[in-house]
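Dear colleague,

Please find below the structure that I am handing over to you. My findings follow directly after it.

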Number of protein chains: 2
Amino acid sequence: MNAVIDILKENNLSITDGRKQILSLFLKTDGALSHADIEKEAHKKLDRITIYRTLQTFVNKGIIHVIPTTDNSILYALCRDECSEGHHHDKHVHFVCNECHTTYCLEQIDVPQVSLPKGFSEVQTDVVVNGYCAKCKP
Amino acid sequence: MNAVIDILKENNLSITDGRKQILSLFLKTDGALSHADIEKEAHKKLDRITIYRTLQTFVNKGIIHVIPTTDNSILYALCRDECSEGHHHDKHVHFVCNECHTTYCLEQIDVPQVSLPKGFSEVQTDVVVNGYCAKCKP
DNA sequence: TATAGTATGCAACTAAGTTGCAAATTTCAT
DNA sequence: ATGAAATTTGCAACTTAGTTGCATACTATA
Ligand SMILES: [Mn+2]
Ligand SMILES: [Mn+2]
Ligand SMILES: [Zn+2]
Ligand SMILES: [Zn+2]
């Protein structure tokens, strides 16, 4: 619980109840979280607008990153790479379980190199794998 | 323009003005189209709800497919693979140009195989590359 | 050309997200 | 510890995207 305060301080963010609650949710969660997850799981009720703004702040600071999904929902997860204000380096594969719907950051799996047609150049590649996680293997 | 009618007939869809207009837009467009693109470019004005329903119908029939994007917009493009009712096989890489914002289906580029952690199994992999297209190369 | 079957357009509704602003909370220098 | 300044929060109001029910219009077929 002190880790939460440390992270907020390191990022020059004032220590507020909402930020502590949301950040500790991320720290204790294995997979990714949506806005709705947070609204549901935060014990002391948080205003939905505060949640929007807190998530935005955390993304800007490089504390969490947005996960691309194929169903156009928006998910967030802790940055484990050395991300900082305005500079994300979360170049890993994301995995969504079709059974439990948990979304994992596969930090250890590098994004594969895709060979593009002549004249095309890559800036960023997002890979989202759908399937069954280890807990739900079919 | 007869191709449009042929495609609709092949798929047992009645020939309506809206469907003809939307499908011919897809046939004459290089990249992908959003709902808003269609609303804008259809000359004879189409009701936005008709557009929603027509896109849904075309996706169901395997005439167009939904393209995963990283900015959570929804894009559609013609299926060139042999997709059919309820069975899509659009296993190709998608490319979004950061300059002209055109989204291309790179039919010729296969989705790379990602090696997952033990216990995880793949059902579908989506790859979205952002960068600069041949027309916009920096 | 009449009829049955579809598709369309409208209205009304829901869900997600944004912005402005006053009140509350946090920070920080005394 | 105290109070002022700076920041964050919660509310209201608004926007945008998408869905559903239903009466009307259109399309297919005999
Ligand atoms: Mn991640
Ligand atoms: Mn495609
Ligand atoms: Zn699972
Ligand atoms: Zn381009």
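Helix α1 of chain B, residues 2-10, has B:Val4, B:Ile7 and B:Leu8 as buried residues. These residues share one side of α1(B), because the arc that they cover around the axis is only 95 degrees. The exposed residues B:Asn2, B:Lys9 and B:Glu10 are carried by the face of α1(B) turned away from the buried side. Please bear in mind throughout that this is a predicted model.

In chain A, helix α2 contains A:Gly18. A:Gly18 counts as buried because its relative accessibility is 9%, where the limit for buried is under 20%. From A:Gly18 to A:Lys45 the C-alpha to C-alpha distance is 9.0 Å, while 27 residues separate the two in sequence.

The metal site

The manganese ion (ligand 1) has four donor atoms listed by residue: NE2 of A:His65, NE2 of A:His92, NE2 of A:His94 and SG of A:Cys105. The coordination distances run from 2.0 to 2.3 Å. Along the sequence, the spacing of these donor residues reads H-x26-H-x1-H-x10-C. Two of the donors, A:His92 and A:His94, are buried.

The DNA strands

I turn next to DNA strand D, which has 16 residues around it. Those that come nearest are A:Thr16, A:Arg19, A:Thr50, A:Arg53 and B:Ile15. By class, the surface near DNA strand D consists of five nonpolar, five polar and six charged residues. Helix α4 (48-61) of chain A and helix α4 (48-61) of chain B each supply at least two residues of that surface. Among the atoms of DNA strand D within 4 Å of the protein, sugar or phosphate accounts for 61%, and bases for the rest.

Several polar contacts to DNA strand D can be listed individually. A phosphate oxygen of the strand lies 2.7 Å from a polar side-chain atom of A:Thr16. For B:Tyr52, an N or O atom of the side chain is 2.9 Å from a phosphate oxygen of DNA strand D. B:Arg48, by contrast, is paired with a base: an N or O atom in its side chain is 3.0 Å from a base nitrogen of DNA strand D.

For DNA strand C, the surrounding residues number 16, and A:Ile15, B:Thr16, B:Arg19, B:Thr50 and B:Arg53 are the closest. The surface near DNA strand C has five nonpolar, five polar and six charged residues. Helix α4 of chain A and helix α4 of chain B each contribute at least two residues to the surface near DNA strand C. Of the atoms of DNA strand C within 4 Å of the protein, 62% are sugar or phosphate atoms, and the rest belong to bases.

The contacts of DNA strand C involve both bases and phosphate. A polar side-chain atom of A:Arg48 is 3.0 Å from a base nitrogen of DNA strand C, and one of B:Arg53 is 2.6 Å from a base oxygen. On the phosphate side, a polar side-chain atom of B:Thr50 lies 2.4 Å from a phosphate oxygen of DNA strand C.

Salt bridges

Over all chains, the count of salt bridges comes to four. One of them joins A:Lys135 and A:Asp30, with an N to O distance of 3.9 Å. This pair links distant parts of the chain, 105 residues apart: A:Lys135 is in the segment after β6 (121-132) of chain A, and A:Asp30 is in the loop between α2 (17-28) and β1 (33-34) of chain A. Both A:Lys135 and A:Asp30 are exposed.

In chain B, a salt bridge connects B:Lys135 with B:Asp30, and the closest N and O atoms are 3.9 Å apart. B:Lys135 belongs to the segment after β6 (121-132) of chain B and B:Asp30 to the loop between α2 (17-28) and β1 (33-34) of chain B, so the pair ties together parts that are 105 residues apart in sequence. B:Lys135 and B:Asp30 are both exposed.

A further salt bridge is formed by A:Lys61 and A:Glu85, whose closest N and O atoms are 3.1 Å apart. Because A:Lys61 lies in helix α4 of chain A and A:Glu85 in the loop between β3 (75-78) and β4 (92-97) of chain A, the pair ties together parts that are 24 residues apart in sequence. A:Lys61 is buried, with a relative accessible area of 14%, whereas A:Glu85 is exposed, with a relative accessible area of 52%.

With kind regards

Note on methods: Residues are numbered from 1 along each chain as its sequence is written. Chains are lettered from A and ligands numbered from 1 in the order in which they are written. This is a predicted model: local features need pLDDT of at least 70, side-chain atom pairs count only at pLDDT 80 or more; totals for chains, interfaces and linings use all residues. Side-chain values use heavy atoms; hydrogens and water are left out. Donors are N, O and S atoms within 2.8 Å of the metal (3.2 Å for Na, K and Ca); water is not among the atoms, so sites may look incomplete. Buried means under 20% relative accessible area, exposed over 50%, partly exposed in between (1.4 Å probe, protein chains only). A residue is near a molecule or strand if one of its heavy atoms lies within 4 Å of it. A polar contact is a pair of N or O atoms within 3.5 Å; within protein, one must be able to donate a hydrogen and the other to accept it, and residues adjacent in sequence count only if both atoms are side-chain atoms. Helices (H or I, at least four residues) and strands (E, at least two) are DSSP runs, numbered from the N terminus. Ala, Val, Leu, Ile, Met, Phe, Trp, Tyr, Cys and Pro count as nonpolar, Asp, Glu, Lys and Arg as charged, and the others, Gly among them, as polar. A salt bridge is a side-chain nitrogen of Lys or Arg within 4 Å of a carboxyl oxygen of Asp or Glu. The arc is that of the directions from the helix axis to the C-beta atoms.
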